[in-house]
Amino acid sequence: MPSLPDRLHRLEELARDLWWSWTPDARNVFRRLDYPLWRLTAHNPVRMLKLVEPATLARAMADSDWLALYDGAVARLDATRAARGTWCERECPDLAGRSIAYFSAEFALHQSLPIYAGGLGVLAGDHCKEASDLGVPLVGVGFMYPQGYFHQTVSADGWQEEVYEKLNWTDAAIEPAITTDGKPCVTAVPLGSRTVLMAVWRVRAGRVHLYLLDTDLEENAPWDRELSARLYGGDRETRVQQEILLGVGGVRTLKAVGITPAVYHLNEGHAAFAVLQRIRDLCEKGWAFEAALEEVRRTTVFTTHTPVAAGHDAFLFHLVEKHLAGAWGELGAYRERFFALAHYDSGDGPMFNMTALALRTASAINGVSALHGDVTRRMWHAVWPDTPVERVPIRSVTNGVHIPTWMSAEIRALLDRYLGPDWLEHHDDPGFCDAVVRIPDEELWEARQSLRSFLFHFIRERARYRWTHRGASASHIVASGTMFDHNALTIGFARRFTGYKRPELVFADADRLANILNAHGRPVQILFAGKAHPADDIGKHHLQRIYRRVLDPKFGGRIAFIEDYDLHVAHFLVQGCDVWLNNPRKPLEASGTSGMKAAINGTPHMSIGDGWWAEGFTGDNGWLIEGPADPNDQGAQDWADAQAIYTLLEEQVVPAFYDRDAQGVPHRWLQIVKQSIRTVVPRFSTRRMVKEYVRGMYQPALGQPVTK
Ligand SMILES: *Cc1c(COP(=O)(O)O)cnc(C)c1O
């Protein structure tokens, strides 16, 4: 990193704390320093500081407005780190001086740190950011995948191709983690009969730090260096080893850096081997196995995220046995007892099931929406065979999104003006957002129009880059949305391409859809985005069939596919579309969060009553897709749901959007937009969610009474 002038010596520190990414004034420090470079680096200040010209820095130093912005951001960063007067300090004195370890295989904090695949990572990232804002003493544990998740391109025939890029370490906001004796932390984990070493990176996200494990060290054998190369990349054998590294290695790493968590939160079953290391540690201090297990259970919190069976890792026992061979220590005498904790038969014979292990070793367990809580109690009833299903000890904490991360500057400015400058601090108070109805329609509409045009500008500039530099074909450019009409009603559908999300549902009756899209004077257009898992050919076929529709002239160039869905693309889509469509096969969507991101920006949700929408739909804040239920015939259900979508579009959505006054303002539409913001901001924000985790799950695990 080139050295910075003295006056700006803290600029690098600001760039290396991802706190900047959700703090508007800190963002603006970089945005205004060099806007073309900000765009070129996809908003990566660490990379910007490597590339910025000395003349640019000199110009900034002569600009008193910019300097004031910089000084203000640095002062705020210091105040944030000092953590005085936070919600947690006020409301949870029992958490003072304690820490909560949050284990997750993925974290989506920012697009410059590509260690996430989708919703699970976004939830983890948003949880960390909110914990920082509230002053909750959380510390994250995960992987620093050198190649991260793949980048997606689509061939001329619509087939997904995966491109892995090795992350340039010096472009990422990471730093080596340091042990209590001041050395770079390297964690050793026994795998089978050998030992694998992991470097540990630290990421700063305001008050929350993440510790990320990385096996790409010269001391390791070549195949071990690859273990943490990719997120969800390898086969079963790689997967079980990754999970041992995360669980066992994560616990060891925290010890090495001097953190003694009071509570361990397992985000999904991937990190459940953490309990093995913890029980072992207690046994080696002289605890009996059963007592150690009880103690670990008392302090373990577990969140499960999907009712889809394939989403729960299960391994053949011999595979686990082979790779755990060196990890037992004093626990060796209790091997059978430990294996029994993970024993589960989901129909293919008994397996070592990571979810079952977590369920049996946690004292507080939750699903991620009310409906998902119900489904999960039924799904895992066999773990509590003597308990009636409604008393199975699994509760729900409905997901949320981090408002400062996902709300556009345009909508935020309107709320600042009409709700008062401290609205963000109080946004989860019921009723606080009611004043949204006071925003003048003209101003709200102007913001909505701007957001749509930012999205189209983004699409066009990406297409231009591909056309100019990547030799993209003309049909590719058309497919990416360049023929889209800036004033037309735009529907967004962006999510993983997997069967239960029914990505092709809207094409069930192609003629009826074409009529809706091409209606004279009231056009509708649809933007698709999303990745299929690299090993999921069925998902790739869904994508391909959609791509063929995109290129079909029958739809008038009003359907597009945006490649390489990630956090960056997601921001433009959820803010710039007019309607956010979600049509999963109920009840397989545990929660879903992209619809929340859209709704808080005034992009109302149109969804099956599954996941969060089963509790979020109020009748006037979006639309409920509700084909007559046909539990015994999937084909009939799909057809009925598709008909329900067409009818909603024809009778409600399109007429409301195009019903304008003389100035072109759609007042009826804006009522729905306002209700969307008003009802979703307070209830589906991570502020409400993290407070629920703290009060309902973390504080009880401290062994002390809940304060509120
Ligand atoms: C929010 C988000 C998701 C999760 O969205 P769902 O509604 O759960 O499908 C996935 N990927 C990205 C990039 C996101 O931003």
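Strand 9 and strand 10 (residues 300-303) run parallel to each other, joined over 4 bridges. That pairing comes from a predicted model, and it makes a handy way in. From there, this briefing moves through a small antiparallel sheet, then the ligand site, and ends with a proline out in the open.

**Strand 9 and its partners**

- Strand 9 covers residues 263-267, and it's mostly covered: 5 of its 5 residues are buried.
- Look at which way the side chains go: V263, H265 and N267 point one way from the strand, while Y264 and L266 point the other way.
- That up-and-down pattern is what you'd look for, as side chains in a regular strand alternate between the two faces of the sheet.
- Whichever way they point, those residues of strand 9 are all buried.
- Strand 10 isn't the whole story, since strand 1 (residues 100-103) also runs parallel to strand 9, with 4 bridges joining them.
- To find your place on the strand 1 side, pick out F103, whose bridge partner in strand 9 is L266.
- On the strand 10 side, Y264 has T300 as its bridge partner.

**A three-stranded open sheet**

- Elsewhere there's an open sheet of 3 strands, ordered 11-13-12, and its pairing is antiparallel.
- Strand 11 (314-315) and strand 12 (343-345) sit at the edges with a single partner strand each, so one side of each has no neighbour in the sheet.
- As for what holds such strands together, strands of a sheet pair through backbone hydrogen bonds, either parallel or antiparallel.
- Strand 11 pairs with strand 13 (residues 350-353) in the antiparallel sense, over 2 bridges.
- Within that pairing, A314 is found opposite N353 of strand 13.
- N353 is worth a click: its relative accessible area is 3%, so it counts as buried, the cut-off being under 20%.
- A polar atom of the N353 side chain also sits 2.9 Å from the backbone nitrogen of T355.

**The ligand site**

- Which residues come nearest to the ligand? Of the 14 around it, they are K501, A570, T593, S594 and K597.
- Three of these have a side-chain N or O atom by a ligand oxygen: for S594 the distance is 2.5 Å, for K597 it's 2.6 Å, and for K501 it's 3.2 Å.
- Taken alone, the ligand would expose 390 Å², and the protein buries 93% of that.
- Helix 8 (119-134), helix 23 (567-576) and helix 24 (594-599) are the elements giving two or more residues to the shell around the ligand.
- By class, that shell is a mix, with 5 nonpolar, 5 polar and 4 charged residues.
- Why does the ligand lie between two domains? Domain 2 (87-151 + 174-399 + 692-702) and domain 3 (440-674) both give residues to its shell, so the ligand lies between them.

**A proline in the open**

- P222 belongs to helix 9, which takes in residues 222-225.
- Buried or exposed, which is P222? With a relative accessible area of 55%, P222 is exposed, because the cut-off for that is over 50%.
- For a sense of spacing, P222 and T253 are 31 residues apart along the chain, and their C-alpha atoms are separated by 22 Å.

Terms used. Residues numbered from 1 in each chain as written. Predicted model: local features only at pLDDT ≥ 70, side-chain atom pairs only at ≥ 80, totals over all residues. Heavy atoms only, no water. Near = heavy atom within 4 Å. Polar contact = N/O pair within 3.5 Å; in protein donor to acceptor, adjacent residues only side chain to side chain. Areas by Shrake-Rupley, 256 points an atom, 1.4 Å probe, with all protein chains shown as cover. Nonpolar A, V, L, I, M, F, W, Y, C, P; charged D, E, K, R; others polar. Domains from an automatic or database assignment. Pairing = 2+ DSSP bridges. Buried < 20%, exposed > 50% of the residue type's maximum accessible area, 1.4 Å probe, protein only.
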